[in-house]
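Colleague: I would like to go through this model with you. Could we begin once it is on the screen?

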Amino acid sequence: MSKHLIQIFFLLVIIGCGTPKKAPYDNYVFQTLKQKNNYIQAYNQALQLWDIPYSEEDIQTKYGKAHVIISGKENNKALVLLHGMDASSTMWYPNIKALSKTHRIYAIDFLMEPGKSTLTTEALSKEEIVDWYQSIFSHYQLKNFDIVAASRGGWMATLLATQENNSIDKIALLSPAQTFEYVDAPAKTSKALFLKLFPSKNQFKKTLDVFSKYPNKINSVYKNQFYLANKYAKSNTSLLQMQPFSEDELKSISNPVLVLIGDQDVINSEEALEKAKDNLENSTTRVIKDAGHFLSIDQSEIVNKTITEFLNP
C-alpha cells in the first residue's frame with residue numbers, strides 16, 4: 001500500500017473511531033456528566049501551571065459556548081492562541097509567560113474537542129468553523145492581531161488566513177498538522193489511534209514517546225488532563241476536513257508566516273517546510289533541533305525566543 005493510501009486509511013479509521021456515541025446527556029464531546037466533571041477538574045488544575053494573572057470568559061455563539069482565557073496587558077497587541085488536538089488552551093503553560101509580556105492573549109478552546117467550549121449544534125463544517133472563530137474575533141473587536149497555533153490549531157489558523165478580508169497580521173505555526181502535507185509517519189502516529197481505541201496509561205505513555213522527544217518534560221498535572229481528554233473524548237469527526245491546502249490556497253496568504261517543526265516530528269517532514277517556502281509569499285521556516293511534534297514543550301525556551309523575535313522584530 002502506498003504511503004498516501006496509508007495516510008488516507010489512517011484518517012478514515014480514526015474518524016470512524018472518533019464519532020461520538022449517543023450520550024446520555026446533551027454533550028458533543030463527553031459521554032457522561034461524570035466524565036466531563038473529572039476532565040474539567042483536571043483542566044482547572046493544569047491551568048494553574050500558567051503561573052501568571054489570567055481571566056476566563058464564556059461567549060455565547062450560535063454554535064455554542066466559546067471559552068477564552070485572557071492574559072497580558074490590555075493595551076498590548078492582540079495574540080490569539082489555537083491549541084493542538086485534544087490539548088486545550090492549557091497546553092500553552094510553557095509558553096504563556098513569554099508570549100504575554102508583549103501581547104494581550106486570547107487562548108480559545110476549540111468547541112469540538114475537550115475543553116471548556118461547548119458545541120450545541122451538529123458537527124461544524126469548515127465554513128462554520130471559520131464563522132465561529134470570526135464571531136469571537138468580532139466580539140473582542142480584534143483587528144490586526146497575531147496568531148500562534150499548534151498542530152491541528154495550525155491548520156485552523158491557515159484556514160482563517162485563506163479567508164478574504166481577514167484581520168490577521170502575523171502567524172506562527174508550530175508543526176501544523178495536515179497543512180502542507182499528509183501525516184509524515186502514519187505507522188508511528190497510529191499509536192494515537194490505538195490510544196483512542198484502547199485508552200490506558202501504558203498506551204498513553206507510548207503515544208507521548210512518539211510525539212515528544214522529551215516526554216518527561218511534560219508536567220504530570222498537564223499529562224493527567226491530556227490523558228483524560230484522550231480517554232473520554234470521541235471528538236475527531238472533523239479530522240477528515242483537514243486536507244493539505246492547495247498551492248493556490250497557500251499563495252493567497254500574504255501574511256508574514258513563521259513555520260516551525262521539530263527535527264523528530266512524526267507529523268511533518270522537511271518537505272512540508274519546502275512547500276511552505278515555495279508557496280507562502282512571506283514565510284520564515286526553521287527546524288528545531290531535538291524536538292518532536294510537541295516542540296513547544298520539548299524545546300520551550302528556543303521556541304519562545306523564536307516566536308517572540310518573529311512577532312516583535
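Modeller: The following exchange covers the aromatic pairs, one ring with a charge over it, and a cavity. This is a predicted model, in which local features need pLDDT of at least 70, side-chain atom pairs count only at pLDDT 80 or more, and totals for chains, interfaces and linings use all residues. Residues are numbered from 1 along each chain as its sequence is written, and side-chain values use heavy atoms, with hydrogens and water left out.

Colleague: How many aromatic pairs are there?

Modeller: The count is 16 aromatic pairs, where rings of Phe, Tyr and Trp (its six-membered ring) pair if their centres lie within 6.5 Å. One of them joins F30 and Y39, with 5.3 Å centre to centre and 40° between the planes, and is tilted (stacked is under 30 degrees, edge-to-face over 60, tilted the rest).

Colleague: Are F30 and Y39 buried or exposed?

Modeller: Both F30 and Y39 are buried, meaning under 20% relative accessible area with a 1.4 Å probe, protein chains only. Buried residues account for 57% of the 313 residues in the protein.

Colleague: Which residues form an aromatic cluster?

Modeller: One cluster consists of Y93, F204, F211, Y222, F226, Y227 and F294.

Colleague: And what lies over the face of F310?

Modeller: K170 does, at 5.5 Å from the ring centre; the rule for Lys asks for NZ within 6 Å of the ring centre and within 35 degrees of the ring normal.

Colleague: Changing topic, which residues line the second largest cavity?

Modeller: Its lining includes F30, Y28, K36 and E113, and its space is about 70 Å³. A cavity is a set of points on a 1 Å grid over the protein atoms alone where a 1.4 Å probe fits but cannot get out, and lining residues have an atom within 4 Å of a point. The volume is the space filled by probe spheres set on the points.

Technical notes: Buried < 20%, exposed > 50% of the residue type's maximum accessible area, 1.4 Å probe, protein only. 1 Å grid on protein atoms, 1.4 Å probe; cavity = no way out; pocket = protein on both sides within 12 Å on 5 of 7 lines; lining within 4 Å.
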